[in-house]
Amino acid sequence: MKNEEQREKVDRLWNLEKYGNNTAIVEESGIELTYEQLSIACGNLADTINGRCLIFILCENTIGSALGYITALNNYIVPVMLNRHLEHELLDNLLRTYCPSYLWMPKEQEEEFKNVFYVYEAFGYVLLKTKYEREYGLYKDLALLLTTSGSTGSPKFVRQSYENIFDNARSIAEYLELDASERPITTLPMNYTYGLSIINSHLLVGASLLLTEKSLMQKEFWHFFKKQEATSFGGVPYTFEMLDRLRFMRMELPSLRTMTQAGGKLTPELHEKFAAYAAETNRKFVVMYGQCEATARMGYLPAEKAVEKKGSMGIAIPGGKFSLIDVEGKEIRAPYTTGELVYEGRNVTMGYAECGDDLIKGDERNGILVTGDMAQFDEDGYYFIVGRKKRFLKIYGNRVNLDEMDRMIKGKFELDTACTGVDDHMYIFLTNHAYKDQVKEYVVEKTKLNPAAFQIIIIEEIPKNDSGKTLYKELTKYYE
């Protein structure tokens, strides 16, 4: 290992041998691995990779996918976590932009790739060596690259360090009081920062991960849940909307201890409903706040405050600090005063990468993140998100950049368009009815998100100011 000090820091995070015979992973197929077996499998995979390098992992909630991620972090290899269903054209663009040394993907996708050669396979995944002539330099603390823009194939990634990942996982484990008896079941993609944080924090304490590709809407998910006695799950607002429709609160789930929610603001009604259910059944319902730019979590609402402080995203996680600033950058000290939320902590990531040359950059944030969210705090110091400063939505937990969607639609159809909306609901404004169905199909195809999240609205003219900038606020009258 080229950097022994860095290697020790990585070992500190994934000390697999410490938990020996504890079950580490259970897959819905029936395959199980202990921590000792997982450690051996990671060593075997690492032995086939030539030192520190960049690797693209096409993710799904399976042992093979998890193996690639854990191996990379354990062996000073930098993974780029991507949805395995990412459109091939978009993936090709990312490959050309970053020139990874290896690809780790489901074996059935192997035939889709040219100019690569087979190296190794395990648990349904295959390792392919690429033939790019260029290999970009990697900053010594760079541990992981995650996208912030869902499935649109944007080349913009968040650069996370080893300290970011370790500190955030430790903090999450502390405030959720996690231990080796936990058995979380996957409900979120592994390439999504929230889903990955669940894996990170539970591996840290020797818990057992229950991996399934099934959704909450499938009977097989609940069969696996009950059979394996899952103790917790996490969800975005859409998850809890679906659970409510499924009459979740009537289900017999004796093993369930904890429900966590992040990825956007839950409606006050649903927040209150699940908080009350948790209190009545002696369970925990923990609302959390985070961004990929802060590794994952920045704030949480303690379970005992879930009913009393409904609508709040809580307080800063252990080791973190919140503050609000006004338009002049001065700190706001009075309760119920709106300002931009600022977070400080060791989990604040190093910055962005938009091309291969950016991978050599160091820490550009120095532990401070101006979130872009507008918030207030009450007299007890609990924070409430009241809006966003920048133009993006969270749709079923996936952050979607509205300006990027505008550009994509205009580029494809050469139409005047404007995208706006609220969390889980995007409104796409067009002036040409003939393209209504085509645009919606295109957006669904590009984002890989539920069509129900998108609504096309036809208007005579997109409102603009004198300089030609779209007046997005004027569009709200069509859906509020």
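Me: How many of the residues in strand E16 are buried?
Reply: Strand E16 (residues 321–325) is mostly covered, with 4 of its 5 residues buried. Buried means under 20% relative accessible area, exposed means over 50%, and partly exposed is in between (1.4 Å probe, protein chains only). Strands (E, at least two residues) and helices (H or I, at least four) are DSSP runs, numbered from the N terminus.

Me: Anything I should know about the model itself?
Reply: It's predicted: local features need pLDDT of at least 70, side-chain atom pairs count only at pLDDT 80 or more, and totals for chains, interfaces and linings use all residues. Residues are numbered from 1 along each chain as its sequence is written, and side-chain values use heavy atoms, leaving out hydrogens and water.

Me: OK, back to E16. Does it run parallel or antiparallel to E17?
Reply: Antiparallel: 5 bridges join E16 to strand E17 (residues 339–344). One of the matches is Lys 321, whose bridge partner in E17 is Glu 344. Two strands pair if DSSP finds at least two bridges between them.

Me: Now the sheet with E23. What's the strand order there?
Reply: The order is E23-E24-E25, an open sheet of 3 strands with mixed pairing. E23 (417–422) and E25 (454–458) each have a single partner strand and stand at the edges, so one side of each has no neighbour in the sheet.

Me: And how many bridges join E24 to E25?
Reply: There are 5, and E24 (residues 425–430) runs parallel to E25. At one point Leu 430 stands opposite Ile 458 in E25.

Me: Which helices lie across those strands?
Reply: Helix H10 (residues 402–413) lies across E23 and E24, while helix H11 (residues 436–447) lies across E24 and E25.

Me: Switching topic. Which residues touch the most others in the largest nonpolar core?
Reply: Leu 38, Tyr 69, Met 81 and Trp 104 do, out of 44 residues in that core. Helix H3 (residues 63–74) supplies the largest share, 7 residues. A nonpolar core is a set of buried Ala, Val, Leu, Ile, Met, Phe, Trp, Tyr and Cys residues joined through side-chain atoms within 4.5 Å.

Me: What does Leu 38 touch?
Reply: Skipping residues up to four places away in sequence, Leu 38 touches Leu 16, Ala 24, Ile 25, Leu 33, Leu 67 and Ile 70. Touching, or contact, means heavy atoms within 4.5 Å. Another core, of 33 residues, lies apart from the one with Leu 38, and its members include Leu 176, Ala 207, Tyr 343 and Tyr 383.

Me: Where does Gln 228 sit?
Reply: Gln 228 is in the loop between helix H7 (219–227) and E11.

Me: Buried or exposed?
Reply: Gln 228 is buried, as its relative accessible area is 13%. Its contacts are Val 26, Arg 183 and Leu 210, not counting residues up to four places away in sequence. Glu 28 is 200 residues from Gln 228 along the chain, yet their C-alpha atoms are separated by 9.3 Å.

Me: What about Pro 189, which loop is that in?
Reply: The loop between helix H5 (162–175) and H6. Pro 189 is partly exposed, at 35% relative accessible area.

Me: And what does Pro 189 touch?
Reply: Asn 61, Gly 195 and Leu 196, again not counting residues up to four places away in sequence. From C-alpha to C-alpha, Pro 189 and Leu 82 are 9.5 Å apart in space, with their positions 107 residues apart in sequence.

Note on methods:
Axes are lines fitted to C-alpha atoms, for helices over the stretch in contact, and angles run from 0 to 180 degrees between N-to-C directions.
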